[in-house]
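User: I would like to go through this model with you. Could we begin with one of its helices?

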Amino acid sequence: MLRFLLKRLAASLLMLVAVSIFTSWMIRQIPGDPAKAIAGEKADKEAVERVRKEYGFDRPFIVQYRKFAGRLLRGDLGRSYQTGDTVAHEIALYLPATIELTLGAMLFGTTVGVLLGVALAYRRNTWLDSVGTSASVVGISMPIFWLGLVLMFLLSYKLHVFPTGGRMDVRLDPAHVTNFYLLDGLITRDARAFWDALRHLILPAVTVGTIPLSIVTLMTRAAVIEELDKDYVKTARAKGLRERVVIYRHALKNAAVPILTVSGIETAYLLGGAILTESVFGFQGIGLWLLSAVEARDYAVIQVGVLLVATIFILVNLLTDIGYMLVDPRIRTERT
Amino acid sequence: MTLFGRIYEFLRGDVRGRRNRNLVAGAVIVGALVLIAVLADLIAPRRLVEPPPEPRLVGPSLLPTPRITLGSDRIGRDLGAMLVHGTRTSLAIGLSAALVALLIGTAVGIVSGTAGGTTDNVLMRVMDMCMAFPAILLAILIVSILGQGTAQVTLAVGLVAIPSFARLVRGQALVLMQQEFVLAARSLGTSRVRTVLTHLLPNCLPLMLVQTTFTIATAILNAAGLSYLGLGVRIETFEWGAILSDGKDRLLAAPWIVMETGLVILIAIIGFNLLGAGLRDRLDPRMRR
C-alpha cells in the first residue's frame, strides 16, 4: 500500500511539472506584448525595452521557464502587473473564497445526492423515482450560469431571501483572519459576520453544486439498486434487520466505490462551475481573479493561477485514489 | 423500407424489454432543433432580427400578437426570431466542435491503443495533462490565444473535448486488439492500417456516435459559457450564450431575455444528452431485449 502511495505521489509530481511547462508555454502564445502591458500604454519604446530586459521576455522560452520554476520553488510567486500586489497575497485573498464555494457545493451535492439516490433506489419504478430521475437528467444538462441568474432573480431580487451577490455585506467589514469568511466569523465569534457570509454563500454553492448533485443522485441510485438485488441484502433482511440498517449499513457501504468515483470527477465540474458562478454572483474568488487577469493580459497572475487550479485538481484526484483504498479492501490488497 | 420507416423502427427498438424513451425524446428534441436551424429564414424572416430604428423594450405576451410573441431583446429586436437564428449558430458550433474532437480524439485513441508502449504512454500522459484543467478554463486560455469569433470558439470547445474522446477510443481499441477476430486477422498478416480500417474503426463506431452526441451538448454549453463571460462570439451571430450575456444586465427590467434564452439552451442540452443516452442503450448489444 505504501509503495502504491509513493508511486501515485511521484506520478502526481511529474504531472505537475508537465502542467507547469504546458501552462507557461500556453501563456507565451497569448498575443500582445507583455512588456508593453507592464510598462503601460503611454510608455515610450525605451521604457518598454527596459521592462522586456528586466523581466527577461527577450530570452528563449526554456530560460524563462527555468527562471519561473526556480522562483516558484523558492516560494516566490511573482507580482501581479495589474495591481502591483504579490501573487501570493492575492491567492491568500481569493483562494479561500473559491474553496468555501466548492466545499459548500460539494457538501450540498454529495449529501443531498446520496440521500436522494438512496430514496429513489428504494422506491424504484414508482412515480417518485420517475420524477427524481427526470429532474436529475435536467440537472445534469443545466447551463449553470443561467441557473445562477434564475436563482438570483427569484430569491434575491423578487423574494429578497438572499443577498444579490458578493461575499459579504460591505457595511459589515468584520476582521478577517484567514479570509475564509465562515471560519473568520467563528474565530472572531462574530455571529453576524458568520451569518452574513453564509447567506452570501448559499446561492452560489447551490448553483455550483447542481450538476454534481444530479450526477451523484443518479450514480447512487444505480449503485444501490445493484446492491439491493444481491444475496447479502436478502440475508440481512431474512435475519430481520431493520430496513434502515440494511440500506445504510449494508447496501450503501458497498455502493461507496462508484459514488466516490463520481466525487472525483465532480472536482472538474466544481472548479469549472466556480469560474462561471463567481462571475454570475460577483463572488470574488480565483475564477473572477483569473478572468480579470486574462482580460488585462496579466501574465504573472494567469500563469500561477492556472497552475494553481491544475494543482488543486491533481491533488483531489490523488486524495480520491487514497479514498478508494480506504473504502475498498479489495483495492487495498491488490496493489500492495 | 423507406428511410423514415427505418428511423421509426430504430426508435421503436426495445431496450431490456422496455421502450427506449430517452432515444425517442432526444430524437424529437434534436430533430426539432435541426429543423428550426435549417428553416430559420423561413420561420423568422431576417428583417425581424434587424435592430428597429428606435430601441424599445417589449415584454412577451401570451396573446397571439402579430409579432414579438417572446418579447424583444435589449434594443427591440424580436427575441424569438433571434433565438431561431441562434439555433443555427449554436448547433453549427456544437456540431463542428464535436467533429474536431471526433477526428483528432479518434486518431489519438487508435494510435495509442494499437501502438502501445512509449507512444501510448506519452499520448495518454498528454491527454491526462489536458484533463487536469477544467474544460472551461482551457477553453478560456485557447480563446485568449486565438482571439474571439465563431471559428475560434468552435475550435476551443472542440479541442478541450479531445481527451475524453481519445481515452474512450483507446480503451475500446485495447479491448478489440485482444479479440480473436482481430488476433486472427493480425496473424494472417493483415497490415496494421488495414486492421484499424476494417476491424477497429467499424467496431468503435457506435461508441464514437454516442460520444459525439454528448460532445455536441458540452460544446454548445461551453461555447455559451464563453459567451456569457464575454469571451465568446459576438451577439450579431445570435449564438444563444451571446444573447443571454447581452440580456443579463437587464435582468430586472427585462427578465424574459435571460429566462427564455436559458430555457432554450437547457432544452437543447437535455435533447442531446437524452439522444446520447438513448443511442448508448440502443447500440449496446448487451442491452437489447
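User: What does helix H9 of chain A span between its end C-alpha atoms?

Analyst: In this predicted model, H9 of chain A (residues 191-228) spans only 45 Å between its end C-alpha atoms. A straight helix of 38 residues would span 56 Å, at 1.5 Å a residue.

User: Where does the kink in H9(A) lie?

Analyst: The kink is at Gly209(A), shortly before the proline Pro212(A), and amounts to about 45 degrees.

User: Why is H9(A) described as largely enclosed by the rest of the structure?

Analyst: Of its 38 residues, 27 are buried, so the rest of the structure largely encloses H9(A).

User: And chain A as a whole: how many helices and strands?

Analyst: Chain A has 15 helices and 0 strands. Its C-alpha trace spans about 85 × 55 × 40 Å along the principal axes. Among its 336 residues, 40% count as buried. Of the contacts between residues at least 6 apart in sequence, 72% join residues at least 24 apart.

User: Changing topic: how many residues does each chain bring to the contact between chain A and chain B?

Analyst: Chain B contributes 32 residues, and chain A contributes 32 residues. On the chain B side, the elements giving two or more residues are helices H5 (117-130), H6 (135-146), H10 (192-228) and H12 (255-283).

User: Which of them gives the most?

Analyst: H12(B) does, with 10 residues.

User: What is the chemical character of that side of chain B, in nonpolar, polar and charged residues?

Analyst: The side of chain B that touches chain A comprises 26 nonpolar, 4 polar and 2 charged residues.

How values were computed: Residues numbered from 1 in each chain as written. Chains lettered and ligands numbered in written order. Predicted model: local features only at pLDDT ≥ 70, side-chain atom pairs only at ≥ 80, totals over all residues. Helix = DSSP H or I, 4+ residues; strand = E, 2+ residues; numbered from the N terminus. Expected span 1.5 Å × (residues − 1). Bend = angle between axes of the 7 residues up to and from the residue. Buried ≥ 20, exposed ≤ 12 C-beta atoms within 10 Å, placed from the backbone. Contact = placed C-beta atoms within 7 Å. Nonpolar A, V, L, I, M, F, W, Y, C, P; charged D, E, K, R; others polar.
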